[in-house]
Amino acid sequence: MTKVWPGTIDWEHLEITEADLEALLNRFLEDPLPRTAEELARFLIQRRLRELEEQRRALLAGARPFRPKDRYQVGERLFFPHLNFAIGTVVGIRDGHNPEIGPFKVIQVRFEDDGTLREFAAEYPLPHRLNEMNGMRGPDERGLRPDEVWATWGGRIQDQLLARLESSPDFVRVGDHWFPKALLVEFHEGHLNLVEAVLDVHGGGPLPPEALLPHLELPADVPPPLQIFSLNAALYRDARFDEVGPAGQFLWFLRRMEPPEVLETPPRLQGRPYTGTGERLDEALRRIAAEIDDELSVPEEICPGIGEADEVVWMATYPHLASGTAPLTRRTAQVFPLGRTYRIRFEFEDPTSGRRWPGWVVRERKYIFGLKEWYQARQVQPGCLVVFQRTREPGVIRVQLKGRSRRDWVRVVRVEEGRLTFDMLRRQIPGEFDDQGLIYVDDPAALEELWPRWRNRAASSLAQQLFPALAILTPQGTVHARTLYQAASLLIRIPPESLFEEVMDLPRCVYLGDGYWRWIEEGV
């Protein structure tokens, strides 16, 4: 029996072919609507299964599947799924004899491939596994339903398809949808100039494509989803426009009207990311560094899909307070909207006043912008605990200080003769704070005047000035890692891990464990 039977498809190692891409193009011609990679992958699965079944049906034309329970006649052509779909003709029928089974027939079948003659039970009264076989499946084949294939191999097939689509010049991707480039609605320069004018009138944006299309007067016979997809594709190609919507939304903004702090990293935030392993730091210092939430601590890009949280509490640091920003780290990013693009516009909300104002996720440089006026109005100090909360309204993030304002004895920094000095003084703090992280800034302008002299100097040089000034504030003469980081951040930009490692090399610094150092004065 040498007939070649179209076997099962090797879904585990399936490769997307040019014929598959051609089939997708034809599908779009029949129904010109943008589709997701999952929709296209499911279509290809159905196509492969349909082709397989058509091949089998062509080979088995004029034959019926053999099942032991069925009745047959001499001259009938049968195919046998359990024998690799071999085809034969019934050439004889006789009675079977087995008292334990009851009456049944035995058919004689001559196979077409090699002329062999074999006998099989027919009109068999007892259950048999061959009675349950699908006529198009062999005994070892899994189900041929598309959903079964998708459940097991869908993710891999979709990844393979995405790789082919992304390398193909014939397809365009916008968000999660794909469409043939040749079938896009054409937008000429006049259309794009009109979009720029509309956005300009609306303060630069953001506006969804649905709000822009009515100004462009496209033909009525073009389906709205294709209009939206084609407009988004055209705007992506034009450097004047920036897509700033969170995941699941398309919102367009004029790049020239975005805040400068969104397009370029504010000077106070500029620094080298930490690239070490942290092996020189003990568990306490590594934990403290992680709790500080400095975006320079993690060199990897913050990407969508890291999870969601209802709220996060962040200990404010001076570089972000001076810049009107907050860090975008693996922890804080669980609250803020992320998306396909590097810049995402949303709204902050102050629950006390009810006021809302624009905020920006700058994912490519890992910070949130839009908080400077709020920081100033609330008199937020380094070490204050700031709460970011999701709201029920998508794209709106509530910001407030944790707890109530109170007057307390706290570290206060001053600039005297070009140096930082610290005192324990009573000040009104606008909310709860971290005891080791709070440093009250009496005169921000004096800090900003001193900062250019220190911004590019070694952290170890600044630490030698800070340690004795901070150590005298505690009876034990110790300095906590969080205090040191907040004090150093007043004048330099450095991730906490790098700072702690540099301090470890200072000969007059003795690490006591649990995040504390003691400064040894000369001659002691």
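## Asp-20 and its surroundings

Let's start in helix H1, which spans residues 18-30 and includes Asp-20. Keep in mind that this is a predicted model. Asp-20 has a relative accessibility of 1%, so this residue counts as buried, the cut-off being under 20%.

What does the Asp-20 side chain have for polar company? One of its polar atoms sits 3.0 Å from the backbone nitrogen of Thr-17. Leaving aside residues up to four places away in sequence, Asp-20 also touches Glu-15, Leu-44, Arg-47 and Arg-48.

## How H8 meets H13

Now for a pair of helices. H8 covers residues 283-292 and H13 covers residues 481-488; their axes come within 10 Å and cross at roughly 45 degrees. That angle falls outside the ranges for roughly parallel (under 35 degrees) and roughly perpendicular (65 to 115), so H8 and H13 are oblique to each other. As for handedness, the crossing of H8 past H13 is right-handed.

On the H8 side, the contact is made by Leu-285, Ile-288, Glu-291 and Ile-292, while H13 brings in Ala-481, Arg-482 and Tyr-485. Sorted by class, that gives five nonpolar residues and two charged ones, with no polar residues in the H8 contact with H13.

## H13 under cover

Is H13 mostly covered or mostly open? Mostly covered: eight of its eight residues are buried. The buried set runs through Ala-481, Arg-482, Thr-483, Leu-484, Tyr-485, Gln-486, Ala-487 and Ala-488. Among them, Ala-481, Arg-482 and Tyr-485 also take part in the contact with H8.

How values were computed
Residues are numbered from 1 along each chain as its sequence is written. This is a predicted model: local features need pLDDT of at least 70, side-chain atom pairs count only at pLDDT 80 or more; totals for chains, interfaces and linings use all residues. Side-chain values use heavy atoms; hydrogens and water are left out. Helices (H or I, at least four residues) and strands (E, at least two) are DSSP runs, numbered from the N terminus. Buried means under 20% relative accessible area, exposed over 50%, partly exposed in between (1.4 Å probe, protein chains only). A polar contact is a pair of N or O atoms within 3.5 Å; within protein, one must be able to donate a hydrogen and the other to accept it, and residues adjacent in sequence count only if both atoms are side-chain atoms. Contact means heavy atoms within 4.5 Å. Axes are lines fitted to C-alpha atoms, for helices over the stretch in contact, and angles run from 0 to 180 degrees between N-to-C directions. Angles under 35 degrees count as roughly parallel, over 145 as roughly antiparallel, 65 to 115 as roughly perpendicular and the rest as oblique. A crossing is left-handed if the near helix is turned anticlockwise from the far one by less than a right angle, and right-handed if clockwise. Ala, Val, Leu, Ile, Met, Phe, Trp, Tyr, Cys and Pro count as nonpolar, Asp, Glu, Lys and Arg as charged, and the others, Gly among them, as polar.
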